[in-house]
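Please follow the account below with the sequence and the coordinates at hand, taking one helix and its surroundings before turning to the internal space of the protein.

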Amino acid sequence: MTTRTSTIPAPGFSEPTRQAQQTFRAVLDALSRPTRPLPVAGPPEAPTSLGPALAAVLLTLLDEECSAWLGGRFADDAELDAWLAFHTGVRRARTAAEADFVVVDAAAVPALEDLAQGSDEEPHRSATVVLDARGCTGDRRWSAHGPGIEGFAVLVAPWADAEFFGRWTRNAAQFPRGVDLLVLDAGSVTGLPRTTRLGPTAPTTEED
């Protein structure tokens, strides 16, 4: 007789409450200090398609009360589907336009204007794009201005395509409506909230 065994998803947080609180704080700090990467530690046994930092953010932000759409190389990842269902219970949106969270790699970012924008009365009902920027190369950069930035900051964005500047400008102009962006590298999260305005060129700084 052949015994069938079910595949058990990889572990999530080893200390769920403490680690989720730490990650949530990092996300909030990233959004309140736009363009500044902040460290995030995640489960070392996360699905290979995610990596620890992205896994930590998804474990923290997703639950059964919200919906997520996965695009790009995440779209048909059975291991990831099982892991998210087991650890978060998140509902899967049929389209990016219907999702609370849009999880993508740099090659698959939807047009921001096609995502949930919220409303003047309920701006929190807009989408958050969670972007995996690992492995991205390039030299796109802009000056960034707005709440949480003293003077200006430099947004280094190797993950951005040629259309991003125009789309972000239109997105920021909709405030209080509009999309927020979280950019994940191997061990950090960078926030770009809808309140941040980008300039076409980045002034030279000593840090550059």
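In this predicted model, helix H3 spans residues 78-87, and its buried residues are Leu80, Trp83 and Leu84. Because these three cover an arc of only 95° around the axis, they lie on the same side of H3. The other side of the helix carries Ala78 and Phe86, both of which are exposed, where exposed stands for over 50% relative accessible area and buried for under 20%. As for what the buried side meets, the buried residues of H3 pack against two elements, namely helix H2 (52-61) and strand S2 (67-70).

The two ends of the helix can be taken in turn. At the N-terminal end, Asp77 acts as a cap of H3, with a side-chain oxygen placed 3.1 Å from the backbone nitrogen of Glu79. Beyond the other end, just after H3, Gly89 adopts a positive phi of about 70°.

The remaining topic is enclosed space. How many cavities of 30 Å³ or more does the count give? The count comes to one cavity of 30 Å³ or more, and the space in the largest cavity is about 110 Å³. Its lining draws on Ala106, Val109, Pro110, Leu112 and Leu131, together with Trp159, Ala160, Asp161, Phe164, Arg167 and Leu181. Sorted by class, the residues that line the largest cavity are nine nonpolar and two charged, with no polar residue among them; the charged class takes in Asp and Arg, and the lining includes Asp161 and Arg167.

How values were computed
Residues are numbered from 1 along each chain as its sequence is written. This is a predicted model: local features need pLDDT of at least 70, side-chain atom pairs count only at pLDDT 80 or more; totals for chains, interfaces and linings use all residues. Side-chain values use heavy atoms; hydrogens and water are left out. On a 1 Å grid over the protein atoms alone, a cavity is a set of points where a 1.4 Å probe fits but cannot get out, and a pocket is an open set with protein on both sides within 12 Å along at least five of seven lines; lining residues have an atom within 4 Å of a point. Grid points are joined across faces, edges and corners, and a volume is the space filled by probe spheres set on the points. Buried means under 20% relative accessible area, exposed over 50%, partly exposed in between (1.4 Å probe, protein chains only). Helices (H or I, at least four residues) and strands (E, at least two) are DSSP runs, numbered from the N terminus. The arc is that of the directions from the helix axis to the C-beta atoms. Contact means heavy atoms within 4.5 Å. A polar contact is a pair of N or O atoms within 3.5 Å; within protein, one must be able to donate a hydrogen and the other to accept it, and residues adjacent in sequence count only if both atoms are side-chain atoms.
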